[in-house]
Amino acid sequence: MDDGDARYRPETGCAARADLRHDSLTATAPPAQRWLLIESHTPWPRQALSALEHSLADVVARLSRELGIRPVLVRRYGRVDRTRGRRWGMVDCRPGREEVRWGPLPTDEHLLDVLAGKVAGTVSTEPVYLVCTHGRHDACCAVRGRPVAAALAAAYPERTWECSHIGGDRFAANVVVLPHGLFYGHVPPTRAVELASQYDKGLVVPGLLRGSGAFTPPVQAAQHFAREAGHSPTLDNLLPQSVQQLPNQHYRVVLSTTDPATPSNATSSGSITVEVSAHLDTIDARLTCAGTSPAQIRRFELHSLTTD
C-alpha cells in the first residue's frame with residue numbers, strides 16, 4: 001500500500017476484530033449535513049487537509065466548521081490522471097434540500113470562494129459514492145476499502161470516488177452515499193453495487209447501514225429500530241418530527257411514516273414514537289489500528305415503539 005502500513009496484518013486489524021466482536025453498526029454515522037469534496041492528485045497525508053497548500057488547510061478547516069460543512073479529499077479509483085483538471089463538490093444532505101453541485105478547482109485558494117458562496121457550481125442529478133481508502137489514517141480503510149471502490153468504479157465510474165477519513169475505521173469498508181448522507185459499514189465487494197442499485201430505487205440496505213449523517217445518533221437509532229420492526233426502508237420514510245431528550249440519556253423520537261405496508265400489511269400514514277437510551281460500554285479493544293485499549297463504544301437500546 002502506498003499510503004498504509006507495511007506491517008499491517010488484516011486478520012488483527014481493528015475492522016477484523018470488530019467483526020469478531022459483532023460490533024453494532026446502529027447509529028454510528030457521524031453527523032454531517034453538508035460536505036465539501038476536494039479532488040486531490042497527490043498522496044494523502046495522515047491529516048487529510050494537510051494536502052492543501054501551506055497555511056490554507058487551517059483556514060478551510062475553520063470556515064468549514066463555522067458553516068457546518070465536512071471537508072474530505074477525493075480521488076478516482078486507480079491511477080490518477082494529473083493532466084485532468086481537478087474539481088470541487090458541494091453536497092447538501094438536509095432532508096428536502098438534497099443536492100450535489102460540482103465546479104472546477106484551478107487552485108486550492110479557490111476553495112475559499114466556494115465556501116464563501118461566490119461560485120455556485122453546476123447541479124448534478126447523479127449520486128456520489130465515497131469509499132474511504134485513507135490508509136495513512138488507518139490501514140483497514142485501505143485494505144478493505146479499495147476492493148469496494150474497485151467494484152463500484154467498475155459499475156459506476158463517474159459516481160465513485162475514493163475519499164479520506166470519514167470515521168468508524170473499525171467498520172471498514174466504509175461507504176457514504178450522497179446526497180442523502182447514508183453511511184454503510186463492513187461493506188464487502190460483493191455487495192457494493194447492491195447499495196448503489198437500491199439507492200437508485202429509493203431504498204436503503206438496513207443490514208449494512210450505520211445511519212444517515214443528516215440526522216443525530218438518537219434519530220438514527222430510532223430509524224433503525226423502526227425498520228427492524230418492519231417499516232419501509234424507503235429514503236423518504238421515517239423522517240424525524242421531534243426529538244425529546246429525557247433523563248438518563250433517554251430519548252423520545254417521533255418519526256413520520258408513509259409506509260405503503262406496515263408490519264400488519266395495512267396501508268398507513270402517520271407517526272411512530274420510539275423511545276431509546278444511549279449507553280457507553282467499555283471494551284478491552286482498540287477501535288482503530290493505532291488506537292489504545294480499553295476504549296468506549298456507544299450502544300442504543302430500544303425501550304418502546306408505538307405507531308399512531
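**Exercise 1. A contact of R159**

The side chain of R159 makes a polar contact with the side chain of E126, at 2.7 Å. This is a predicted model. Task: place R159 in the chain, decide whether R159 is buried or exposed, and list what R159 touches.

Solution.
- Step 1. Find the segment. R159 sits in the loop between α4 and β7 (160–163).
- Step 2. Check accessibility. The relative accessible area of R159 is 12%. Buried means under 20%, so R159 is buried.
- Step 3. Look for another polar partner. The side chain of Y129 makes a polar contact with the R159 side chain, at 2.6 Å.
- Step 4. Widen to contacts of any kind. Leaving out residues up to four places away in sequence, R159 touches R76, E126, P127, V128, Y129 and D200.

**Exercise 2. The α4 and α5 pair**

Task: classify the crossing of helix α4 and helix α5, then describe the contact by residue class.

Solution.
- Step 1. Take the geometry. The axes of α4 (residues 139–155) and α5 (residues 192–200) come within 8 Å. They cross at roughly 45 degrees.
- Step 2. Apply the cut-offs. Under 35 degrees would be roughly parallel, and 65 to 115 roughly perpendicular. The angle here fits neither range, so α4 is oblique to α5.
- Step 3. Name the residues. From α4 come V148, A151, L152 and A155. They meet A192, V193 and A196 of α5.
- Step 4. Sort by class. The contact has seven nonpolar residues, no polar ones and no charged ones.

**Exercise 3. Helix α1**

Task: which residues of helix α1 are buried, and against which helix do they pack?

Solution.
- Step 1. Go through α1 (residues 14–21). Its buried residues are C14, A15, A16 and A18.
- Step 2. Find their partner. The buried residues of α1 pack against α4.
- Step 3. Look just past the helix. H22 follows α1 and takes a positive phi of about 60 degrees.

**Exercise 4. Nonpolar cores**

Task: how many residues has the largest nonpolar core, and which helix gives the largest share?

Solution.
- Step 1. Count. The largest core has 37 residues.
- Step 2. Find its hubs. W35, L37, V128, L130, I166, L178 and L255 have the most contacts inside this core.
- Step 3. Find the main contributor. Helix α6 (residues 217–228) supplies the largest share, five residues.
- Step 4. Separate the other core. A second core has 21 residues, including V131, V177, A192 and L195.
- Step 5. Follow one hub. Beyond four places in sequence, L37 touches V72, V74, R87, W88, G89, V91, W102, V128, L130 and L178.

**Exercise 5. Backbone exceptions**

Most residues other than glycine have a negative phi, and most peptide bonds are trans. Task: place the cis bonds at A172 and A173 and at S293 and P294, then compare the setting of L238 with that of Q249.

Solution.
- Step 1. Take the bond between A172 and A173. The bond is cis, with omega about 5 degrees. A173 lies in the loop between β7 and β8 (175–178).
- Step 2. Take the bond between S293 and P294. This bond is cis too, with omega about 0 degrees. P294 lies in the loop between β13 (270–283) and β14 (295–307).
- Step 3. Turn to L238. Its phi is positive, about 65 degrees. L238 is in the loop between α6 and β11 (239–246). L238 is buried, at 0% relative accessible area.
- Step 4. Turn to Q249. Its phi is near 60 degrees, also positive. Q249 is in the loop between β11 and β12 (250–257). At 39% relative accessibility, Q249 is partly exposed.

Methods:
Residues are numbered from 1 along each chain as its sequence is written. This is a predicted model: local features need pLDDT of at least 70, side-chain atom pairs count only at pLDDT 80 or more; totals for chains, interfaces and linings use all residues. Side-chain values use heavy atoms; hydrogens and water are left out. Axes are lines fitted to C-alpha atoms, for helices over the stretch in contact, and angles run from 0 to 180 degrees between N-to-C directions. Helices (H or I, at least four residues) and strands (E, at least two) are DSSP runs, numbered from the N terminus. Angles under 35 degrees count as roughly parallel, over 145 as roughly antiparallel, 65 to 115 as roughly perpendicular and the rest as oblique. Contact means heavy atoms within 4.5 Å. Ala, Val, Leu, Ile, Met, Phe, Trp, Tyr, Cys and Pro count as nonpolar, Asp, Glu, Lys and Arg as charged, and the others, Gly among them, as polar. A nonpolar core is a set of buried Ala, Val, Leu, Ile, Met, Phe, Trp, Tyr and Cys residues joined through side-chain atoms within 4.5 Å. Buried means under 20% relative accessible area, exposed over 50%, partly exposed in between (1.4 Å probe, protein chains only). A polar contact is a pair of N or O atoms within 3.5 Å; within protein, one must be able to donate a hydrogen and the other to accept it, and residues adjacent in sequence count only if both atoms are side-chain atoms.
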